[in-house]
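This report is meant for someone meeting the structure for the first time. It takes up a few local features one after another, and it is best read with the sequence and the model side by side.

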Amino acid sequence: MNKASNPARRDFIRNMSKAAISTTLVLPVFSSIACAGESNTGDTAGDIDYTQQPLKYAYNTIEPVIDAMTMEIHYTRHAAAYAKALGEAVKDENVNTGSTTLPQLLSKISKYSAKMRNNAGGHYNHELFWRSLKAPEENNAPSGKLATQIQKDFNSFEAFKTQFTDAAKNRFGSGWAWLVYSNNKLVVSSTPNQDNPLMDLAETKGFPVLGLDVWEHAYYLKYQNKRPDYVSAWWNAINWDYVQQRFSTI
Ligand code: MN
């Protein structure tokens, strides 16, 4: 998706026009933009493309939830390898990356090789994962429309947390837990390996609003075999402003 067709950018431009006509709107509009800019990458769902983007924070930013060495190895080796192999696969399998967005490729991934599936998923999932993290804080929770939708579809934020945590803990072997917008509601799912809900072969298809990497490489140095401790700590490091931003692009 190019930047001009990005719904969030269209809203931004629309809001800016409103702000220009009504001075009473200037302050709220600008303060919300300032918050978004300070606390996340500014990327929205459509901006995850075929290349690995620089991390917008230092490797130690997510400590103590995720240690700096895990972040560095995860980003510079594991995730970089998915991006590199994706570049090879799109070349080998003649994907025109100028006219096919990464979500579009994922939506017909069953037509491609296992290398494409593993690395297109691996690259997309990690780009989403980095953007969804921030310096940890206590009582970290979503607000606004996303909080309302979670309340509506899960009854409470606590009930959602329990369901998501169970999905992450119970995913056997390597994979991901997801908050997915599917058939007009938010649901929790999990996928094996580097699959994700955008793929045509996913059990629960939809838009991945939030994803948690539960491969051992994501947590083993600090947590060893204790995946539940990693999942439980991760709730404090979710960048809900970014997740909310993704949700608003649906
Ligand atoms: Mn990973």
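## The aromatic cluster

The model shown here is predicted, and a good place to begin is with its aromatic side chains. F157 has a relative accessible area of 19%, and because the limit for a buried residue is under 20%, F157 counts as buried. W235, at 4% relative accessibility, is buried as well.

These two residues form one of the 16 aromatic pairs that the structure holds. Their ring centres lie 6.2 Å apart and their planes stand at 90°, so the pair of F157 and W235 is edge-to-face. The contact links distant parts of the chain, since F157 belongs to helix α7 (residues 157–170) while W235 sits in the loop between α9 (227–234) and α10 (240–248), 78 residues apart. Ring pairs also join F157 and W235 with F154, F160, F164, W234 and W240 into a cluster.

Another arrangement involving a ring is found at Y223, where K222 lies over the face of the ring at 5.5 Å from its centre.

## The manganese site

Which residues coordinate the manganese ion? The donors are H74 (NE2), H126 (NE2), D213 (OD) and H217 (NE2), and their distances to the ion run from 2.0 to 2.1 Å. Along the chain, these donors follow the spacing H-x51-H-x86-D-x3-H.

The site brings together distant parts of the chain, as H74 is in helix α3 whereas H217 is in the loop between β3 (207–213) and α8 (220–223), 143 residues apart. Both H74 and H217 are buried.

## Helix α5

Helix α5 covers residues 114–131, which makes 18 residues, and from its first C-alpha to its last it reaches 26 Å, close to the 26 Å expected at 1.5 Å a residue. The helix is mostly covered, with 14 of its 18 residues buried.

Within this helix, R131 forms a salt bridge with E127, and the closest N and O atoms of the two side chains are 2.6 Å apart. The two residues are four apart in α5, so about one helical turn separates R131 from E127. Both ends of this bridge are covered: R131 is buried at 4% relative accessibility, and E127 is buried at 2%.

## Other salt bridges

How many salt bridges does a search of the whole structure find? The search finds five, among them one between E88 and K84, whose closest N and O atoms are 3.4 Å apart. As in the bridge of helix α5, the partners are four residues apart, here in helix α3 (residues 68–92), so that E88 and K84 are separated by about one helical turn. The two partners differ in their exposure, because E88 has a relative accessible area of 32% and is partly exposed, whereas K84, at 57%, is exposed.

A further bridge is formed by K134 and E137, with the closest N and O atoms 2.3 Å apart. K134 is buried at 17% relative accessibility, while E137 is partly exposed, with a relative accessible area of 40%. Elsewhere, salt bridges that share partners join K84, E88 and K115 into one network.

## Backbone exceptions

Most residues other than glycine have a negative phi, and most peptide bonds are trans. Against that background, the peptide bond from E63 to P64 is cis, with omega near 5°. P64 is found in the loop between α2 (23–39) and α3.

N94 has a positive phi of about 55° although it is not a glycine, and its place is in the loop between α3 and α4 (102–106). With a relative accessibility of 69%, N94 counts as exposed. N184, also a residue other than glycine, has a positive phi near 65° and lies in the loop between β1 (175–182) and β2 (185–192). The relative accessibility of N184 is 61%, and because a residue is exposed when the value is over 50%, N184 counts as exposed.

How values were computed: Residues numbered from 1 in each chain as written. Predicted model: local features only at pLDDT ≥ 70, side-chain atom pairs only at ≥ 80, totals over all residues. Heavy atoms only, no water. Expected span 1.5 Å × (residues − 1). Buried < 20%, exposed > 50% of the residue type's maximum accessible area, 1.4 Å probe, protein only. Phe/Tyr/Trp six-rings, centres within 6.5 Å; stacked < 30°, edge-to-face > 60°. Lys NZ or Arg CZ within 6 Å of the ring centre and 35° of its normal. Salt bridge = Lys/Arg side-chain N within 4 Å of Asp/Glu carboxyl O. Donors = N, O, S within 2.8 Å, 3.2 Å for Na, K, Ca; no water.
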